[in-house]
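Reader: Please take a close look at one part of this model and then place it within the rest of the chain. I would like the cut-offs stated as you go.

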Amino acid sequence: MQCARASSPVNLPTLVQPFNMLEDKFSEAGLTWDLPRLYADLAEVKRLYNNPGRRAVALTELEKACLRGILCGYSPKNIAIELNRDVTGLRVELSRYLYAYLEALTEQRPENWRQIAFLLEKAGYRLNALITRAANSPGRQDLGVMIDTYCFCGREPELKTLQQWMTDPSCHVITLIGMGGIGKTALAAKWVQLRLTEPGGEFNFEGVIWRSLQYAPPVEETLSELLQFVSEGEETAPNLAPTATIDQQISLLLSRLRQHRYLIVLDDWESILREGEWAGYCVQEHEGYGRLLQRLAMEQHQSCLLLISREQPIEVTPLITQEAAVRRLKLKGLPLPAAKELLETRGLELDETGLPELIEIHRGNPAAVLRAAMTIQDLFDGSISQFLSQTSLVLGDVLLNLLEQQLTRLSDQERTIIFWLAVTGQPMTIANLKSKLDAEERSLLLTALDSLRRRSLIEKIRPVGGSREALFFLEPVLMKYVVRQFVTQFCQDLCNVLETPSIAQLGLVGSHLLVDEAQGDGIQFYQTKRILSRICDRLKVKVRGDSEPLQSHLEALRIWLQERDNLSISYAETNIEKLLEIISL
């Protein structure tokens, strides 16, 4: 039974409430929490915290009321309104006293008020928590490194979809796909947690095992762990010869999955996929995983594999439909209400000016939104409007690392395409892209676009009210990172060719046009400000602000290019001319 949370705060009289009336506030918490034991244990912590030599000191009625309110899902702001107290003062008191007691009791400091209920439930203070788990949990659980989801917000439609698919015995494989930081692992973990801990949570599996492939373990090791799990408690344990092939191990696993219904979760699937080639293909030493996936998708059994990856595996791509044995759930950013709720957990006010703009800029990417929130709190004292006046997008270390991991996996053709999307700064049709590529690149364009889609790196839209071609584009979070990468690589290629003039050294200098004068003023302004000017700034840093030597080198390169006739340098001369124009200003 959940605590009932008020839909809106109650407007209380302006008179200060007597403390003996506080015991009636949030009393519904007693229906789901062992409050007497929790009060007593916190009182002992309070005694040790304040004066170890004194007798036990009871919690104040205000402390009890605040604790009950938090357990019922009220934020400190709403608790202050309900108790007719100053919001700032109450937050200070909670941080200084109650949160400190809770940290000592649970041996883990709450990162925010939402985490308190999770920590206390984990410590056993929720009524009937063990009974609830026993009634709804599978016979066996091996959750490995499954993450906690105390800060999870939104995703109700996705959770509902997973529940519908998981309860369908004909669904054998679900691929949960999305770009880095979008919340794939959190969604899967939340679904498992809800099924195992919530009253009435329906979990129609006999067991669940969760494994991460982040460090690319050999498929034999993973198969051994899966076989041990699904065979535990059976009279006939798996007895394979040391020379048993991978297919023999998979066959034995499938025999168990036909007899019993288990849920297998494999996270970080992209860790066993090839880099520098088309998306979704396993590296040679891990091709056994592809065979495992293919057989789980195509052969009869009554279990389910939930696969979490940034890239769609090629083995099951042709088999995906919404009703077949293989189904795909592609995760996108959080909608506005859920993103607001997530930001509130980091202390931002929901009525703060600029909040919708902040979320839209980051397209609801949870990792990006949370990183921006940290910057706003640390540097701008929680003011979103001040943050937005300084910058539009912040890429934190965590998100940068996620994006770098994804982009290093790209083939040369894929990298060419996303650089064009970044330089152009707007959605492009297939015809637009073809016009930018040479003959060999054009022949691979469709394959490259399909691969980028399987990596969740590009999005597709179709214009409303017309039969025009589909448009492909980069999300803003990815766009910012790709632009940064392009500028860095362009400068490196230019320095290389300035040092040793060679067509082979040109790289991006010859393959991508910095400013397209055939486009409108808006696009040219974007290209000049976001691309050309940044390249010039980088180059000036290299020459320590003295632009004359740089101009001389660029002039010499332009003359050298004019003396050549090669398609691969088609954009190089124009780019050098644009650089000379802006450097001379």
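Author: A residue is called buried when its relative accessible area is under 20%, exposed when it is over 50%, and partly exposed in between, with a 1.4 Å probe and protein chains only. The model is predicted, so local features need pLDDT of at least 70 and side-chain atom pairs count only at pLDDT 80 or more, while totals for chains, interfaces and linings use all residues. Residues are numbered from 1 along each chain as its sequence is written, and side-chain values use heavy atoms, with hydrogens and water left out.

The part to look at is helix 2, residues 61-71, which is mostly covered, since 10 of its 11 residues are buried. Its buried residues run from Leu-62 through Glu-63, Lys-64, Ala-65, Cys-66, Leu-67, Arg-68, Gly-69 and Ile-70 to Leu-71, so Glu-63, Lys-64 and Arg-68 are on that list beside Leu-62 and Ile-70. After helix 2 comes Gly-73, with a positive phi near 90°.

Around this helix, the chain has 25 helices and 8 strands, which are DSSP runs (H or I of at least four residues for helices, E of at least two for strands) numbered from the N terminus. Of its 585 residues, 50% count as buried. Of the contacts (heavy atoms within 4.5 Å) with a separation of 6 or more, 74% join residues 24 or more positions apart.

Most residues other than glycine have a negative phi. Arg-155, which is not a glycine, nevertheless has a positive phi of about 70°; Arg-155 sits in the loop between strand 1 (140-142) and helix 7 (156-166), and is buried at a relative accessible area of 4%. Asp-381, also not a glycine, has a positive phi of about 50° in the loop between helix 14 (366-380) and helix 15 (384-390), but Asp-381 counts as exposed, at 73% relative accessibility.

Further along, helix 24 (residues 547-562) packs on helix 25 (residues 572-583) at an angle of about 155°, with their axes 10 Å apart. Helix 24 is therefore roughly antiparallel to helix 25, a term for angles over 145 degrees. Among the residues that meet there are Leu-550, Leu-554 and Leu-561 in helix 24, and Ile-576, Leu-580 and Ile-583 in helix 25. By class, the contact of helix 24 with helix 25 has 9 nonpolar, 3 polar and 4 charged residues, where Ala, Val, Leu, Ile, Met, Phe, Trp, Tyr, Cys and Pro count as nonpolar, Asp, Glu, Lys and Arg as charged, and the others, Gly among them, as polar.

Notes:
Axes are lines fitted to C-alpha atoms, for helices over the stretch in contact, and angles run from 0 to 180 degrees between N-to-C directions. Angles under 35 degrees count as roughly parallel, over 145 as roughly antiparallel, 65 to 115 as roughly perpendicular and the rest as oblique.
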